[in-house]
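Got your viewer open and ready? Let's take a short walk through this one, a stop at a time.

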Amino acid sequence: MAAILKNWMTSIPGILMFLNVAWRVYQTKTITQDDIAQVLGAFGLMGAKDFNMTGGDRQA
């Protein structure tokens with residue numbers, strides 16, 4: 001979990017996006033192509049490394 005939250009500027013929106021899709025799928029009991037695209041986007045956001053990384057994680 002610490003690795004996911006290392007870059008909070010993309011991890012938190014990714015987690016919220018995933019939870020939003022999970023809640024909608026739970027309520028409707030259906031999965032659409034839009035839901036799949038949003039889940040993939042959420043995983044992308046959670047795995048992203050942006051400009052706010054410091055120390056050894058930043059590349060020149």
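What follows is a tour of a predicted model, going from the whole chain down to a few side chains.

**Stop 1: the whole chain.** Start with the cartoon view and colour by secondary structure. You'll find two helices and zero strands. The chain has 60 residues, and 17% of them are buried. Now switch on the surface: its accessible area is about 4,700 Å², and carbon and sulfur atoms own 66% of that. As for contacts, take those with a separation of 6 or more: 67% of them are between residues 24 or more positions apart.

**Stop 2: phenylalanine 18 and phenylalanine 43.** How many aromatic pairs does the structure hold? There are two, and we'll visit both. For this pair, select phenylalanine 18 and phenylalanine 43 and show them as sticks. The ring centres are 5.7 Å apart and the planes meet at 35 degrees, so this pair is called tilted; a stacked pair would need planes under 30 degrees apart, and an edge-to-face pair over 60.

Next, see where the two rings come from. Phenylalanine 18 belongs to helix H1 (residues 8–28) and phenylalanine 43 to helix H2 (residues 33–47), so the pair links distant parts of the chain, 25 residues apart. Are these two buried or exposed? Somewhere in between: phenylalanine 18 is partly exposed at 32% relative accessible area, and phenylalanine 43 is partly exposed too, at 48%.

**Stop 3: tryptophan 23 and tyrosine 26.** Select these two for the other pair. Here the ring centres are 5.7 Å apart with planes at 35 degrees, so this pair is also tilted. This time both residues sit in helix H1, three residues apart, which is about one turn of the helix. Tryptophan 23 has a relative accessible area of 48%, so it counts as partly exposed. Tyrosine 26 comes in at 55%, and that makes it exposed, because the cut-off for exposed is over 50%.

**Stop 4: lysine 29.** Keep tyrosine 26 on screen and add lysine 29. What sits over the ring of tyrosine 26? It's the charged end of lysine 29, 4.3 Å from the ring centre. Lysine 29 itself is in the loop between H1 and H2, and at 61% relative accessibility it is exposed.

Before you leave, check the backbone here. Most residues other than glycine have a negative phi. Lysine 29 isn't a glycine, yet its phi is positive, at about 60 degrees.

Definitions and conventions
Residues are numbered from 1 along each chain as its sequence is written. This is a predicted model: local features need pLDDT of at least 70, side-chain atom pairs count only at pLDDT 80 or more; totals for chains, interfaces and linings use all residues. Side-chain values use heavy atoms; hydrogens and water are left out. Rings of Phe, Tyr and Trp (its six-membered ring) pair if their centres lie within 6.5 Å; planes under 30 degrees apart count as stacked, over 60 as edge-to-face and the rest as tilted. Helices (H or I, at least four residues) and strands (E, at least two) are DSSP runs, numbered from the N terminus. Buried means under 20% relative accessible area, exposed over 50%, partly exposed in between (1.4 Å probe, protein chains only). A charge sits over a ring if NZ of Lys or CZ of Arg is within 6 Å of the ring centre and within 35 degrees of the ring normal. Contact means heavy atoms within 4.5 Å. Accessible areas come from the Shrake-Rupley method with a 1.4 Å probe; for residues, only the protein chains shown count as cover.
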